[in-house]
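Please describe the overall fold and packing of the protein chain shown here, beginning with its overall dimensions and ending with its interior.

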Amino acid sequence: MGRHVRAEVLAPVGSPEALTAALRCGADAVYLGGGRFNARENAAHFTGVSLREAVEACHARGARVYLTLNTLLRQEELKDALALAEEACALGVDALIVQDLGLARLLYACAPDMPLHASTQLTVHTPAGVRLLRDSGFTRVVLAREMSRQEIAACASLGCELEVFVHGALCMSVSGQCYFSAMLGGRSGNRGLCAQPCRLPFRQDLPPGSPCPACEGEAALSLRDLSLREHLADLQSLGVRSFKIEGRMKRPEYVAAATAVCAMAVRGKEPHSVLIDDLQSVFSRTGFTDGYYTGRRGAAGSPLPDQEIRTEPNHPTQPPASMFGVRRREDVTAAEPVLSRLARLYAKETPRVPVKITMTLLKNKPVCLSVRDGEGRRAEAWGEPPMAAERRELGPQDVRRQLEKTGGTPFFVTGCEVEIGEGLMVSAAALNALRREALDRLLRLRAQSRPRFFDRRAPLPVEARGYSLLKRENDSPALAARCAEESQARALAGLSSGERPDLLIVPLSLPPDVLTALAQTGPLAVEIPRGMFGAEETIRQRLTLARDVGAEAALCGTVGALPLTEEAGLIPVGGFGLNLCNVETAAQLAKWGTAAAVLSVELTFHQMAFHSRMEVPAGLFAYGRLPLMLARNCPLREIGKMDRKGLTPCSVCGRQGGLVDRKGIRFPVRCEEPGGCVEVLNSAPIYLADQLNRLPPVDFFLLHFSDEAPEEAVRIAGAYRRGGPAQEGITRGLYRRGVQ
């Protein structure tokens with residue numbers, strides 16, 4: 001990666017009008033959806049002729065086109081997704097943005113020349129994750145939006161392009177790790193249909209005896225929009241290759257304003273204050289935030305104990321506003337007055353493609369005008385021989401002045417050579433006509449597709465490591481019990497050999513003596529936090545220590561955890577956060593050394609049928625409060641006035657707080673260590689012990705214990721061995737109703 005290459009401005013395109021706005025306001029590249037399998041299913045998409053025209057328009061103007069195939073894919077959808085990728089290859093699309101690991105595996109084999117960009121939905125936020133995807137065929141990684149400057153810097157210079165979101169909406173949850181919309185409303189954020197329940201009112205709920213009363217704020221899960229405009233030069237100095245603007249669901253005026261501001265900043269120009277104000281007016285949620293990048297995630301923008309504040313030159317440290325905010329009535333009404341002004345930004349074609357012009361005017365010979373671009377394309381236009389001058393002959397400067405008038409086209413002239421004989425004349429209208437004809441031909445040449453190779457018959461070898469872990473024996477699935485508390489683990493470890501879970505999974509943060517004692521009772525695994533922001537080295541050390549005291553495996557919820565596990569000599573077990581939805585994803589996980597993997601919690605039992613063809617044992621999230629969100633910004637840290645009382649955020653809730661929605665339903669919030677993230681848990685646990693004979697024949701059940709008492713964990717484990725009674729206050733998850 002070259003530090004001296006100017007980063008591209010990557011604009012969102014959700015409609016033809018937004019495409020025009022992006023191109024005319026300085027976008028170097030755009031990303032758009034092709035009708036299906038993209039993370040904004042409700043945006044206007046480009047299909048068939050409209051997709052071809054969009055690619056042609058961008059390429060003609062020197063902009064790149066990235067097609068979003070960034071949703072999870074069920075087994076039966078892989079064929080159609082490949083067909084769309086094949087169409088993209090035929091059109092010469094510049095890259096595909098992918099979330100599903102199975103699709104990426106197929107594309108790497110079928111279209112080896114097509115650059116693959118790892119979607120932010122893959123939750124990559126560590127150097128180990130970047131290296132793993134780089135070595136697996138991805139040319140670019142779109143990093144998680146929650147990363148600080150220091151964490152982004154650690155991922156640079158690894159031989160893989162980095163893309164960073166610099167403007168637009170922020171989700172409360174780390175991308176790819178949110179199941180809130182799916183579980184509550186059946187609309188999956190992993191499939192482009194998020195209903196945004198996080199924007200609804202939630203209030204904090206604290207345990208009895210808390211030193212601080214609950215706050216009645218409405219924005220406990222709603223963040224302000226991101227803006228890193230003032231940090232683009234710094235990001236570029238780190239080697240970030242692409243600056244991404246969020247907003248395929250937003251109107252063209254927003255795309256114009258955001259693109260123009262970022263393009264000016266990247267080119268070293270200070271955007272006019274009116275344009276900056278208009279950008280906030282056209283869309284924001286109580287203003288903007290740069291809290292993740294600068295390390296100011298606490299209440300009212302104050303730093304938290306685990307944060308380091310970095311001040312850039314010319315940007316003195318000032319306490320920013322809270323990162324939390326909602327879309328207010330005044331935010332909505334502020335947009336109307338600026339729309340017409342922003343529409344003028346893209347009312348006319350913008351000259352963005354440099355060309356050189358050569359013109360020959362010789363006596364008795366047809367006039368020849370040639371234009372060529374920087375990539376070597378050349379177009380010509382021919383006219384009638386010049387006339388003899390009756391009064392004033394035409395000079396080279398006269399010709400240049402006329403030919404350099406390229407307004408209304410995407411071209412601008414960087415050089416003009418004129419060869420002209422003496423005593424000749426050509427009308428200005430004739431020169432204009434020749435210029436228009438030559439430039440039109442060059443535009444068509446530039447728009448021609450540059451197809452990429454695609455072979456559906458490419459071989460796809462499976463490279464499983466052959467580990468044997470959590471394999472189903474006879475008719476009984478194995479049991480893997482994930483424990484959040486030491487007391488739960490000790491209770492389960494103390495059971496007899498026939499009752500103890502086949503694999504006990506405990507927090508990586510447990511002391512070595514506790515791990516040693518638990519390992520002596522049977523197979524032991526440690527859980528790697530899904531959020532590892534800035535904690536990779538700490539986790540690496542703890543994994544080595546866990547191996548030394550007897551742990552055999554590690555539960556991995558994101559791709560970045562897999563290489564750390566193998567480095568430490570432990571066996572990787574894939575968690576639900578890897579979103580395993582098809583047999584090709586299972587094959588990729590097997591290639592990476594995974595010995596067993598939990599199927600996606602967004603699949604129905606019927607959609608899980610592929611598990612019988614998996615190269616590794618398949619597991620079912622069979623019990624527990626499903627973590628609906630993985631968040632770096634704790635929603636309980638926004639509790640009002642706690643700073644004045646001298647309280648640390650976690651002393652307020654004692655790590656036992658929760659959130660209550662507008663219907664009075666409580667969702668527990670639990671800390672995840674190390675890594676500094678929190679999980680918002682479902683209000684009710686998944687429970688299937690009374691329906692064991694109706695479950696698919698998977699290899700193992702994952703029991704996900706969170707706030708259960710030790711004796712309750714023992715009872716539930718027994719119920720999944722032998723069957724148990726029906727219970728109140730539970731959910732069956734999405735296994736029968738599914739998601740959109």
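With 740 residues, a compact globule would have a radius of gyration near 27 Å, and because the chain has 29 Å, the two agree; the radius is taken over C-alpha atoms, and the globule rule is 2.2 Å times the number of residues to the power 0.38. This is a predicted model, in which local features need pLDDT of at least 70 and side-chain atom pairs count only at pLDDT 80 or more, while totals for chains, interfaces and linings use all residues. Residues are numbered from 1 along each chain as its sequence is written, and side-chain values use heavy atoms, with hydrogens and water left out.

| Property of the chain | Value |
|---|---|
| Span of the C-alpha trace along its principal axes | about 110 × 60 × 45 Å |
| Residues that count as buried (under 20% relative accessible area, 1.4 Å probe, protein chains only) | 60% of 740 residues |
| Exposed area (Shrake-Rupley method, 1.4 Å probe) | about 28800 Å² |

Among contacts (heavy atoms within 4.5 Å) with a separation of 6 or more, 71% join residues 24 or more positions apart.

The largest nonpolar core, meaning a set of buried Ala, Val, Leu, Ile, Met, Phe, Trp, Tyr and Cys residues joined through side-chain atoms within 4.5 Å, has 216 residues, and those touching the most other members include Leu96, Leu543 and Leu620. Helix H9, residues 252-266, gives the most to this core, with ten residues; helices here are DSSP runs of H or I, at least four residues, numbered from the N terminus. Apart from this core lies another, of 23 residues, among them Val355 and Leu442. Leaving aside residues up to four places away in sequence, Leu620 touches residues including Val598, Phe605, Leu688 and Tyr735.

Methods: Buried < 20%, exposed > 50% of the residue type's maximum accessible area, 1.4 Å probe, protein only. Helix = DSSP H or I, 4+ residues; strand = E, 2+ residues; numbered from the N terminus.
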